[in-house]
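Hello,

Here is the structure I promised to pass on to you. Have a look at it first, and my notes follow below.

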Amino acid sequence: MKTTRVLTGITTSGTPHLGNYVGAIRPAIAACRAAGVESFYFLADYHALIKVDDPARIQRSTLEIAATWIACGLDPERVTFYRQSDIPEIPELTWFLTCVCGKGLLNRAHAYKAAVDKNTEAQQDPDTDVTAGLFMYPVLMAADILMFNAHQVPVGRDQIQHIEMARDLAAGFNHRYGDHFVLPEAQIEDHVATLPGLDGRKMSKSYDNTIPLFAPPEQLQKIIAGIKTDSRAPGELKDTEGSALFQIYQAFASPAECDAMRQAFAQGISWADAKHRLFELINQEISPLRASYQELMAHPEQLEALLQAGAAKARAIATPAMSRLRHAVGLRDLRTQAYRSPTKTTKAALPSFKQYREADGKFYFKLVDAAGKLLLQSPGYVSPQEAGKVVKKLQQQPQAFTGLELPAALGASLDEVRQVLQQLHDAADQ
Ligand code: TRP
């Protein structure tokens with residue numbers, strides 16, 4: 001089975017709440033256990049700088065979010081879990097993408113437009129308090145995704161436009177420089193309901209209506225007691241429809257538990273009792289995770305080590321990818337200039353000889369063109385020196401090649417091979 005690369009980032013600007021857990025963390029951890037997926041999860045701390053200028057908060061949030069994901073069962077052996085700012089290739093790729101990004105594309109980004117609209121409405125300069133960081137947000141995000149050639153990006157609906165922009169930038173880059181990037185797709189989790197917050201609106205930091213994921217039990221109980229309900233008295237029938245309490249309950253309950261709660265509503269359970277049941281249910285799921293979370297929070301060195309290991313894994317992909325991209329755009333070792341045929345402007349790579357040993361113990365070489373097509377395949381030689389001698393002769397005296405000295409497969413016409421050999425020879429001379 002072909003593996004699908006799934007990648008998502010978590011901005012390190014706050015403390016994880018139940019809405020994050022139900023809407024993102026829990027489904028992501030379940031998804032990365034599926035076969036045929038290769039998952040990348042990262043802490044988007046460069047993105048956090050766009051919103052937060054309090055260094056202590058950035059650090060604290062990074063620690064909390066890393067601890068949360070590990071405590072909730074993310075297996076760093078199985079997935080690549082890293083911190084964005086540990087991957088210097090990402091800002092470098094951001095610049096490459098910046099240079100193929102139309103400014104107008106960014107003018108149309110929802111978040112930027114919303115800021116401009118707000119300023120305009122307030123009769124201020126359109127760009128008041130808008131940083132270039134906010135403006136560039138989609139390009140940084142595209143670099144996150146394209147760096148690892150992710151196929152699927154699980155995000156909330158509010159992020160769909162960003163994925164579309166990443167596709168646009170990938171296509172723009174590919175068009176100019178060749179096929180380097182996969183065009184990513186947004187993966188919208190429609191079956192996971194968004195969790196309502198204490199006031200019944202979507203649970204969100206910006207509404208200040210969240211339930212922190214790892215609040216200590218007493219505090220959790222108190223916060224749950226604050227969920228908005230109507231004023232029906234104990235014994236009065238209660239509606240599950242539109243009840244934030246019931247919706248939160250549903251996100252943690254089995255179907256049987258849901259039915260039982262529905263019945264309790266119909267039979268007039270008091271709000272106090274319903275809240276108590278909700279607390280018990282949440283606490284039962286969260287309390288083992290809370291214990292691991294507290295353990296991890298007490299050992300930041302463990303998380304740091306884990307993130308360093310994740311960065312090494314991520315960079316094993318990003319570093320070679322970035323050197324290909326640097327080459328593609330023309331940021332090159334000047335000595336490689338000599339290897340470029342003066343007539344061909346775009347084909348930077350040259351044909352090459354590859355020497356290798358087969359399972360039969362013999363030594364072989366082949367000549368492949370820049371695209372990897374086989375031009376010439378040698379017979380087996382008893383030693384690498386023997387094979388090397390033939391290669392050298394072909395390199396030094398391309399015109400002496402008649403095809404007879406190599407009875408093995410010719411992947412191209414004799415003429416073509418001779419031409420390629422001559423081209424290599426000329427290039428080496430320069
Ligand atoms: N913008 C995302 C959010 O706010 C976070 C993010 C940054 C991200 N880079 C990403 C998500 C790359 C997916 C892929 O939720």
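Let me start at the ligand: a polar side-chain atom of Asp144 lies 2.7 Å from one of its nitrogen atoms (a polar contact is a pair of N or O atoms within 3.5 Å). Please keep in mind that this is a predicted model, where local features need pLDDT of at least 70 and side-chain atom pairs count only at pLDDT 80 or more, while totals for chains, interfaces and linings use all residues. Residues are numbered from 1 along each chain as its sequence is written, and side-chain values use heavy atoms, with hydrogens and water left out.

Tyr137 has a polar side-chain atom 2.6 Å from a ligand nitrogen, and for Gln159 the corresponding distance to a ligand nitrogen is 2.9 Å. Those residues, together with Asp144, Gly9 and Met141, come nearest among the 14 around the ligand (near means a heavy atom within 4 Å).

Tyr137 and Met141 also belong to the H7 side of a helix contact, where they and others meet H8 residues including His162, Ile163 and Leu169 (contact means heavy atoms within 4.5 Å; helices are DSSP runs of H or I with at least four residues, and strands are E runs of at least two, numbered from the N terminus). By class, that contact of H7 with H8 has 12 nonpolar, 1 polar and no charged residues (Ala, Val, Leu, Ile, Met, Phe, Trp, Tyr, Cys and Pro count as nonpolar, Asp, Glu, Lys and Arg as charged, and the others, Gly among them, as polar).

Best wishes

Definitions and conventions
A polar contact is a pair of N or O atoms within 3.5 Å; within protein, one must be able to donate a hydrogen and the other to accept it, and residues adjacent in sequence count only if both atoms are side-chain atoms.
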